[in-house]
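Colleague: Could you pick a single part of this one and walk me through it closely? I'm new to this, so please spell out the terms as you go.

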Amino acid sequence: MYILIGGGGQVGFYLTKGLLDQGHEVLLLERDARRAERLKDELGSAVIRGDACEARVLQKAGCERADLVIAVTGDDEDNLVLCQVAKQRFNVHMTIARVNNPRNDAIFKQLGIDVTVSPTRNILNLIEWQIPHHTLVPLITLNRAGLNLVEVTVPPDSEANGRTIHALNLPRSVNIALVTRGEENITPSGDTLLQGEDHLFALTTTDGEQAMRALILGESDAEQ
Amino acid sequence: MKIIILGCGRVGATLANMLSKSNHEVVIIDQNGEAFDRLGDDFNGQTIIGDGTDEDILKRAGIETADAFAAVTNGDNRNIMSAQIVKHIFNVSNVVCRIYDPIRQETYNRLGLKSISPTTVGAKLMMKEIVDPDANGRSAIGSLATGASASTAPATAAAAPAASATAASATPVAPRR
């Protein structure tokens, strides 16, 4: 693939190295002259000095033949504009933007960015995952499918404790793919009897998530 | 009208003062509190310190009931991002932003964003002055700068239509009230 990366900070640097190692054709764009020079020392011709948000620079970098543009500068607005210009002006098929403020995640998607990566959001999710709270934790978003992979731990006082999956009457949009109980992995069916502290992994839509919160965690609409 | 302005630099402050004097309800946002020193003593709008790309700040400024929004920070990308948030998330229809880079402006024009490029406008006015100055010595730039209109100053009547024609051809300009 031909990949353009905007932003020569730590993330951009290691991303370029990693992708070059994988055999892709990569060009890293860095605006600051001194930083660009240092990057060139390490990465050679894979680095161009220029502002990736400027159409002229993207043109010089061959943006119209890029398969993928990744924006990893430290500023959300720069990442947004880079991806939008790449898509709108150069018809790049796929754009990935780093999002620093988790609030901008949804906004970016609404403004046409294909994939967003929010380090803050990821760490927040990891923390929720590590601490045994009884909450619903989103793990991965599958954009194309419009689904989230989520994890829920069944609280001991849950309605779900002692009931089969079938009896829970979850909507069809909830697909419980795996139940782990202690060390045990269970491939669930409708007859699987749930217990407190079971970890459920489900592929679901946003509506399905709400149903899971209500039926398994007992969260009312107000709490969600 | 209720107007929210993002950026209290020279343009933002001037715009805020002008709108306030015309009795519009103005709220102006800037990340730096000292920027509000540029506002006139008779500015009777509201000031808010904060990041105009942050939904909470925009809500606090009253974006949900705003009639218009102008993004005039000194960063093109910040202006572009906030303008899109206001347009697409808060559904304000009258949104204008300043985009210095003419190429970026063209891209966002195609995406339906109204913008003004001082780069393009300035260059065109300069060019008019250099290549085709007014025979009476009145400058197109002069009449725009003083805000003189064709109706009030007969001597600048010849220059004023030229100035407005140039400005109109530069970019889609927000309609004056």
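Modeller: Here is a close look at one helix, the partners it meets and the sheet it lies on.

First, some housekeeping: this is a predicted model, where local features need pLDDT of at least 70, side-chain atom pairs count only at pLDDT 80 or more, and totals for chains, interfaces and linings use all residues. Residues are numbered from 1 along each chain as its sequence is written, while chains are lettered from A and ligands numbered from 1 in the order in which they are written.

Let's start where the two chains touch. Chain A brings 15 residues to the contact and chain B brings 16 residues (two residues are in contact if their C-beta atoms, placed from the backbone, lie within 7 Å). On chain A's side, the elements giving two or more residues are α3 (55–60), α4 (76–90) and α5 (104–110); helices (H or I, at least four residues) and strands (E, at least two) are DSSP runs, numbered from the N terminus. Our helix is α4(A), which supplies the largest share of that side, seven residues. Sorted by class, chain A's side has seven nonpolar, two polar and six charged residues (Ala, Val, Leu, Ile, Met, Phe, Trp, Tyr, Cys and Pro are nonpolar, Asp, Glu, Lys and Arg charged, and the others, Gly among them, polar).

Now for the partners of α4(A) in chain B. One is helix α3(B), residues 76–89: the two axes come within 8 Å and cross at roughly 80° (axes are lines fitted to C-alpha atoms, for helices over the stretch in contact, and angles run from 0 to 180 degrees between N-to-C directions). That is why α4(A) and α3(B) count as roughly perpendicular to each other (65 to 115 degrees; under 35 is roughly parallel, over 145 roughly antiparallel, and the rest oblique). From α4(A), the touching residues are A:E77, A:D78, A:L80 and A:V81, and α3(B) answers with B:N77, B:R78, B:I80 and B:M81. Together, this contact has four nonpolar, one polar and three charged residues.

Another partner is helix α4(B), residues 102–110, whose axis comes within 10 Å of that of α4(A), with a crossing at roughly 70°. So α4(A) and α4(B) are roughly perpendicular to each other too. Here A:V85, A:Q88 and A:R89 meet B:R104, B:T107 and B:R110. The classes in this contact are one nonpolar, two polar and three charged.

What does α4(A) lie across within its own chain? The helix sits across β1, β4 and β5 of chain A and runs at about 175° to β5(A). Those strands belong to an open sheet of six, in the order β3-β2-β1-β4-β5-β6 (chain A), with parallel pairing (two strands pair if DSSP finds at least two bridges between them). At the edges are β3 (47–49) and β6 (115–117), each of which pairs on one side only. On average, neighbouring strands of this sheet are turned by 20° against each other, direction ignored. To see a pairing up close, take β1(A) and β4(A), which run parallel and are joined by four bridges. In that pair, A:I5 stands opposite A:I70 of β4(A).

The sheet has another helix on it: α1(A) touches β1, β2, β4 and β5 (94–98) of chain A, and its direction makes about 165° with that of β2(A). Helix α1(A) covers residues 10–21, 12 residues in total, and reaches 17 Å from first C-alpha to last, close to the 16 Å expected at 1.5 Å a residue (the expected span is 1.5 Å times one less than the number of residues). Which residues of α1(A) are buried? They are A:G12, A:F13, A:L15 and A:T16 (buried means 20 or more other C-beta atoms within 10 Å of the residue's own, exposed 12 or fewer, partly exposed in between; C-beta atoms are placed from the backbone). These buried residues pack against β1 (2–6), β2 (25–30), α2 (33–43) and β4 (68–71) of chain A. Just after α1(A), look for A:G23, which takes a positive phi of about 95°.

To put the tour together: α4(A) lies across β1, β4 and β5 of its own chain, and it gives the largest share of chain A's side of the contact with chain B.
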